[in-house]
Amino acid sequence: MQERPYDLERANELLWTQSKGAISLPPLALVSLPRPAIGKPAPVEFFLKSESNLEMRWEVLRNQGYLVPKELFFVRNNSPTIPHVDVRTWRLHINGNGITRPRSFSFDEILAMPARTLICAIECAGNGRNFFAGRGKKIEGTPWNLGAIGVAEWTGVPLREVLERCGVKRSARDVMPEGLDEGKVKRPIPLKKAMHEDTLLVYAMNGEPLLPDHGFPVRVIVPGWVGIAHIKWVGSIEVSEQALYSEYNTTKYILIGEDYEAMPPSFGEVLTTQKVKSAFELPWEGKVSEGKHTLRGRSWSGEGRIAHVEVSLDEGKTWRRARLLEPNHDLAWVRWEIEWDAHPGVWKLQARATDDRGNTQPDRVPMNREGYGHWAVVTHPVTVVSTS
Ligand SMILES: Nc1nc2c(c(=O)[nH]1)N[C@H]1C(S)=C(S)[C@@H](COP(=O)(O)O)O[C@H]1N2
Ligand SMILES: [Mo]
């Protein structure tokens, strides 16, 4: 018998009171409260807030370890509010013509299945969107700098285990998890990806139950793929012998533009894996005092692990290799550091990473209408102030 990560009976109650900080009402009373856009506290020191989204400030990672604590993890909600899910009545329904035995699972049944734990990033496809600006056209969408990413340890059951218990057919083609949020957010993944041992239905993040913001009680993890594939508050999953579509793979989370081809009925190229990016653990347009510093940052790839990172302090004329720190997980990130003797003035810092598949961050990436997939080198402005 496998040990439960936490007490199921009290999970709902605990999570809501924890995430709402001050208030501690019994679960029934909570049901009548207005649904929040964000559940956890969102202090301005940690986050930039826009509608129902929280962008992590990169400077907060400076004193953190490899994983992002749940309190600091970015939030991206396509629906205006997050749902209240009662884990005691919650069920996961599996249906569609791609399985022979449609059925549903209780939370207890999910917990009783063989668990798997892994570390990976979740990154919004629009992370870095702001850096497309200044190319003539304003881009709609959540105005992210680089803080729409986090790395955590996820525990759950392989989606494959669940699908096999439903008699998944070899002829099945697409698998589409659907969220219980107002917008019923759903996006398909191909059967092969759904059956990968690392594609999980997770109920724990960094060893604790998921917060409501991150999909309590169960969310999907598809390592390396765009954030939108990682469906939160999953309530049902359709398995189909036909290709499946939703707005999230036909009109949104696709690349539209001259350099991209439409994949009808999708209006553009459908996004799958994330590319390579880098960020400094510094405030945006921040100030540092002159003198010797250790510059720190992180680089990541949705296709492999980071092989090396270079830093330039002279707008790309010369580059120096940064030291990589352990650990360095596939489909997550690596922390790095480099010495800097900072002289007063305005500096433009750049970091450029290469992954073990040979993907190196380019100087520019072609525009696309919705501003997804900006993985070019970013110039980070920092003012060094004189101390004399
Ligand atoms: N049900 C549901 N799942 C969802 C979303 C959503 O709006 N509803 N947002 C997606 C997007 S766009 C991203 S980037 C990630 C963000 O995960 P996080 O909020 O836990 O950081 O969740 C994905 N899963
Ligand atoms: Mo996203």
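**Contacts, strand pairing and backbone geometry in the predicted model**

Outside its neighbours within four places in sequence, His230 is in contact with Ala121, Ile122, Arg219, Val220, Ile221, Val222, Pro223 and Trp225. The model described here is a predicted one. In this model, His230 is placed in the loop that runs between strand S11 (219–221) and strand S12 (234–240). Its relative accessible area of 2% falls under the 20% cut-off, and His230 is therefore classed as buried.

Ile122, one of the contacts of His230, belongs to strand S5 (residues 116–123). With a relative accessibility of 4%, Ile122 also counts as buried. When neighbours within four places in sequence are set aside, the residues in contact with Ile122 are Phe73, Phe74, Ala148, Ile149, Gly150, Trp154, Arg219, Ile221, Gly227 and His230. Of these, Gly150 is separated from Ile122 by 28 residues in sequence, while the C-alpha atoms of the two residues are 5.7 Å apart. Two cysteines were also examined for burial: Cys120 counts as buried at 1% relative accessibility, and Cys124 counts as buried at 5%. The structure contains zero disulfides.

For the chain as a whole, six helices and 23 strands were assigned. The chain has 388 residues, of which 53% count as buried. Its accessible surface is about 17000 Å², and carbon and sulfur atoms account for 50% of that area. Among contacts between residues at least 6 apart in sequence, 71% connect residues at least 24 apart.

Confidence was assessed along the chain. The average pLDDT is 91, and 90% of the residues reach a score of at least 70. Residues 1–12 have pLDDT under 50 throughout, and the model gives this stretch 25 contacts beyond four places in sequence. Residues 14–31 likewise have a pLDDT below 50, with 31 contacts in the model beyond near neighbours in sequence. Where pLDDT is low, the predicted coordinates should not be read in detail.

Strand pairing was then considered. One open sheet consists of four strands in the order S15-S17-S21-S20, paired in the antiparallel sense. Strand S15 (276–280) and strand S20 (323–328) are the edge strands; each has a single partner strand, so one side of each lacks a neighbour in the sheet. From one strand to the next, the twist averages 25°. S15 and strand S17 (residues 291–301) are antiparallel and are joined by five bridges. Within this pair, Val276 has Ser301 of S17 as its bridge partner.

Strand S18 (residues 306–312) is mostly covered, with five of its seven residues buried. S18 is joined to strand S22 (residues 345–355) by six bridges in an antiparallel arrangement, and Val311 is partnered by Ala351 of S22. Two bridges connect S18 with strand S19 (residues 320–321), again antiparallel. In that pairing, Arg321 of S19 is the bridge partner of Glu310.

A parallel pairing links strand S16 (residues 286–289) and strand S23 (residues 379–385) over four bridges, with Val384 of S23 as the bridge partner of Val288. The side chains of S16 alternate along the strand: Gly286 and Val288 point to one face and are buried, whereas Lys287 and Ser289 point to the other and are not.

Backbone geometry was examined last. Most residues other than glycine have a negative phi, and most peptide bonds are trans. Glu285, although not a glycine, has a positive phi of about 55°. This residue lies in the loop between S15 and S16, and its relative accessible area of 58% is over the 50% cut-off, so Glu285 is classed as exposed. Leu331, also not a glycine, has a positive phi of about 55° and is located in the loop between S20 and strand S21 (333–342).

Cis peptide bonds were found at two prolines named here. Phe216 and Pro217 are joined by a cis peptide bond with an omega of about 10°, and Pro217 is situated in the loop between strand S10 (208–209) and S11. Pro264 and Pro265 are likewise joined in the cis form, with an omega of about 0°. Pro265 occupies the loop between strand S13 (254–255) and strand S14 (269–270).

Conventions
Residues are numbered from 1 along each chain as its sequence is written. Chains are lettered from A and ligands numbered from 1 in the order in which they are written. This is a predicted model: local features need pLDDT of at least 70, side-chain atom pairs count only at pLDDT 80 or more; totals for chains, interfaces and linings use all residues. Side-chain values use heavy atoms; hydrogens and water are left out. Two strands pair if DSSP finds at least two bridges between them. Axes are lines fitted to C-alpha atoms, for helices over the stretch in contact, and angles run from 0 to 180 degrees between N-to-C directions. pLDDT is the predictor's confidence in each residue, from 0 to 100. Contact means heavy atoms within 4.5 Å. Buried means under 20% relative accessible area, exposed over 50%, partly exposed in between (1.4 Å probe, protein chains only). A disulfide is a pair of cysteine sulfur atoms within 2.5 Å. Accessible areas come from the Shrake-Rupley method with a 1.4 Å probe; for residues, only the protein chains shown count as cover.
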